[in-house]
Amino acid sequence: MTIQNRRVVMRQHPQGEVGAGDFEMQSAALPGLSDGDILVRNLYLSLDPYMRLRMRPGRSYQPPMQVGDIMPAQTVGEVIESRAASVPKGALVVARAGWQDYAAVPAASVRVIDAALGPVSTALGVLGMPGVTAHYGLLHLGRPKPGQTVVVSAASGAVGSIVGQIAKLKGCRAVGIAGGEKKCRYVVEELGFDACVDYRSPDFQKQLEAATPDRVDVDFENVGGMVMDAVLSRLNDYARVVLCGVISDYEAPIQDGARNAATNGVTRVRELLVNRASLQAFIISEHPEHWAPAFADLAQWLKEGKIKYREDIAQGLENAPAAFMKMLKGGNFGKQLVKLQ
Ligand SMILES: NC(=O)c1ccc[n+]([C@@H]2O[C@H](COP(=O)([O-])OP(=O)(O)OC[C@H]3O[C@@H](n4cnc5c(N)ncnc54)[C@H](OP(=O)(O)O)[C@@H]3O)[C@@H](O)[C@H]2O)c1
């Protein structure tokens, strides 16, 4: 039987904000499998901010995408055909399959999921890359001590929501920053943060000061720009800035001369100096040794009801571009996924 496969490719490099015209849906017959490969029917597609970085031309931590490349993504899927003894037909796997309904991938490149740990979609969120990012960034780079204050931006999102909850488990004061009252209420009332500040509110800086009376020991930075600048003004002596992401900058125009202060307003570098603070950036895929211990902790906390998660699920591959564009503007509320089948 020949399977027709739909996939989404990058039609052109976006100029500034991503638009529908930057994507193209294609359809093609699936090629046969080689020895060692498996055929995966994708069930959920993960949409993540890093994909926007990959769409930018120029130097980055990975080579940029070329026009015509399939959009990158991790998926959760079911193995429907296998030419590898290690991953049999019927297994559920996380694969770097991209934005498509099916994918033929090497069996050695996938992670087999234990479905007993939770709904399979969690393998792309709390029990997946975002969860490990939160765990590694906070515990290994942030090194929070009980009683210290941890601030995290994009606090209702996939990474930020887990950072604040781990901070609470470690006896810290957890302060979130998020866009809008609804997200802030969720962060405090559902996730148990001590406070959450809406960065869109006109007195954001004042609210942040009130929420951090003992200043800030760990800034888990997901946003950059004016949000990061405000947190820098609250640093404590020997604070740790964990630079996880700068999403406010991902859609900046390619010609950097046009950068504007609203998205790129990090000016308070002096605060790093006078507080003898450290700033460490990281990319979680470069720390494979940390994934298994992080999964062990996260699965245990999830089982014990000590951490919660939220998902925002779009329906159908054809709606992936719109869901991606929405996420980049903060329109998602929780881990952004696309349900494919
Ligand atoms: N270093 C790594 O290895 C690694 C791994 C995973 C993720 N990350 C980074 O972690 C960050 C969060 O990723 P995620 O997957 O958890 O996404 P997410 O928080 O679930 O979704 C993105 C959120 O970013 C916020 N946002 C978007 N544009 C913004 C802007 N201009 N200013 C302020 N906030 C904005 C929005 O929340 P609000 O509505 O609250 O603004 C939006 O909901 C991203 O920067 C991502 O690149 C890094």
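Visitor: How many aromatic pairs does the chain have?
Guide: In this predicted model, the count comes to 6 aromatic pairs.

Visitor: Why is the pair of phenylalanine 23 and phenylalanine 324 called edge-to-face?
Guide: Let's take it in two steps. Ring centres must lie within 6.5 Å to pair, and these two are 6.3 Å apart. Planes over 60 degrees apart count as edge-to-face; here the angle is 85 degrees, so the pair earns that name.

Visitor: What makes this a link between distant parts of the chain?
Guide: Phenylalanine 23 sits in strand β2 (residues 23–29), while phenylalanine 324 belongs to helix α10, and 301 residues separate the two.

Visitor: Now for the ligand. What makes the approach of asparagine 222 a polar contact?
Guide: The cut-off is 3.5 Å between N or O atoms. A polar backbone atom of asparagine 222 is 2.8 Å from an oxygen atom of the ligand, so the pair falls within the limit. Alanine 158 also offers a backbone N or O atom, 3.0 Å from a ligand oxygen. For leucine 328, the partner is a nitrogen atom of the ligand, at 3.4 Å from a backbone N or O atom.

Visitor: How much of the ligand does the protein bury?
Guide: Alone, the ligand exposes 900 Å², and the protein buries 92% of that.

Visitor: Which elements give two or more residues to the shell around the ligand?
Guide: They are α2 (129–142), α3 (158–169) and α10 (320–328). By class, the shell holds 17 nonpolar, 8 polar and 2 charged residues.

Visitor: How do you know that the ligand lies between domain 1 and domain 2?
Guide: Domain 1 (4–121 + 310–339) and domain 2 (129–286) both contribute residues to the shell, so the ligand lies between them.

Technical notes:
Residues are numbered from 1 along each chain as its sequence is written. This is a predicted model: local features need pLDDT of at least 70, side-chain atom pairs count only at pLDDT 80 or more; totals for chains, interfaces and linings use all residues. Side-chain values use heavy atoms; hydrogens and water are left out. A polar contact is a pair of N or O atoms within 3.5 Å; within protein, one must be able to donate a hydrogen and the other to accept it, and residues adjacent in sequence count only if both atoms are side-chain atoms. Accessible areas come from the Shrake-Rupley method with a 1.4 Å probe; for residues, only the protein chains shown count as cover. Helices (H or I, at least four residues) and strands (E, at least two) are DSSP runs, numbered from the N terminus. Ala, Val, Leu, Ile, Met, Phe, Trp, Tyr, Cys and Pro count as nonpolar, Asp, Glu, Lys and Arg as charged, and the others, Gly among them, as polar. Domain bounds come from an automatic or database domain assignment. Rings of Phe, Tyr and Trp (its six-membered ring) pair if their centres lie within 6.5 Å; planes under 30 degrees apart count as stacked, over 60 as edge-to-face and the rest as tilted.
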